[in-house]
Amino acid sequence: ATEIYELTLSIEAKNQEIKTTEEEIVAAEADIEKQYEDMKLRIQYMYENGEVSDLQMIFDSQNMSDMLDRAEYINKITEYDRNMMIKLKDDKEALMAIKTRLETEKAELELLMLEAQNEQEKTELLVADKMATIDAYEGQIGEAETNAAALEKHIKEQEQLIAELEEIERQRQQANLEIMYDG
């Protein structure tokens, strides 16, 4: 019973861990979606402001230094977006792996609990069987005690009868002796 209680607590803890992990996955997906929406807004802003392409932005540079600054700026934005998407994707995959591991552990705990319940049921059946055997022996003992009491009562009755017969025999012998002395 203690083992089953402890396994139940472990399963409840795993369920809570899974729930927390699922919430983290939802948050990671929301972050990915937000990053994607932010990137779309940046592209839309650039398009609406006449900067249709990165190349156009570079070609519109006033000089070589401005062109390198713009190219570096575009590169940093693109690299940031790419890194954020990779990081969020990796985070989501890590959370999914944790969730899978937790679900596996939960399944293992549930299997252990099932085995513990089966063992407990077997033990209860064994105890019930032993109790039935003990009850049967107690019944036999009770019957033997009843038989012994009846036999003891019968013996006492026989002893009383013998005592009465001996008394009658003694009285008869006494009467015979009296007849012999009187005669």
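1. Let me start with a pair in helix 3. E152 and K156 sit four residues apart in that helix, so about one helical turn separates them. They form a salt bridge in which the closest N and O atoms are 3.8 Å apart. Since the cut-off for a salt bridge is 4 Å, you may like to keep that distance in mind. E152 counts as partly exposed because its relative accessibility is 46%, which falls between the limits of 20% and 50%.

2. A word on confidence, as this is a predicted model. The mean pLDDT of the protein is 81, and 83% of its residues reach 70 or more. Among the elements, helix 3 (residues 64–182) has the highest mean pLDDT, at 84, while helix 2 (residues 54–59) has the lowest, at 59. I would read the points below with those values beside them.

3. Now the overall layout. The protein has three helices and zero strands, giving the pattern α-α-α along the sequence. Among contacts between residues at least 6 apart in sequence, 78% join residues at least 24 apart.

4. On burial, 13% of the 183 residues count as buried. The protein exposes about 14,500 Å², and carbon and sulfur atoms supply 58% of that area.

5. T21 deserves a look of its own. This residue is found in helix 1 (residues 2–48). Is T21 buried or exposed? With a relative accessible area of 5%, T21 is buried, because the limit for that class is under 20%. Its side chain reaches the backbone oxygen of E17 at 2.8 Å. Leaving aside neighbours within four places in sequence, T21 is in contact with L95, I98, K99 and L102.

6. K99, one of those contacts of T21, also takes part in a salt bridge. Its side chain meets that of E22, with an N to O distance of 3.2 Å. E22 lies in helix 1 and K99 in helix 3, so the pair ties together parts that are 77 residues apart in sequence. The two partners fall into separate accessibility classes: K99 is buried, with a relative accessible area of 18%, whereas E22 is partly exposed at 33%. For K99, note that the limit for buried is under 20%.

7. Which residues are linked with R101 in a network of salt bridges? They are K14, E17 and E105. E17 appears here again, having come up as the residue whose backbone oxygen the side chain of T21 reaches. Within the network, the side chains of E105 and R101 meet at 2.9 Å, N to O. Both of these residues lie in helix 3, four residues apart, about one turn of the helix. E105 is partly exposed, with a relative accessible area of 22%, and R101 is partly exposed too, at 42%. A search of the whole structure finds 11 salt bridges.

8. Finally, a nonpolar feature of the surface. V127, M131 and I134 form a nonpolar patch there, and together they have about 260 Å² of accessible area. M131 lies in helix 3. With a relative accessible area of 44%, M131 is partly exposed; patch members need over 30%, so M131 passes that cut-off.

Key: Residues numbered from 1 in each chain as written. Predicted model: local features only at pLDDT ≥ 70, side-chain atom pairs only at ≥ 80, totals over all residues. Heavy atoms only, no water. Helix = DSSP H or I, 4+ residues; strand = E, 2+ residues; numbered from the N terminus. Buried < 20%, exposed > 50% of the residue type's maximum accessible area, 1.4 Å probe, protein only. Polar contact = N/O pair within 3.5 Å; in protein donor to acceptor, adjacent residues only side chain to side chain. Contact = heavy atoms within 4.5 Å. pLDDT = per-residue confidence, 0-100. Patch = residues over 30% accessible without salt bridge, like charges linked within 9 Å, V, L, I, M, F, W, Y side chains within 5 Å. Areas by Shrake-Rupley, 256 points an atom, 1.4 Å probe, with all protein chains shown as cover.
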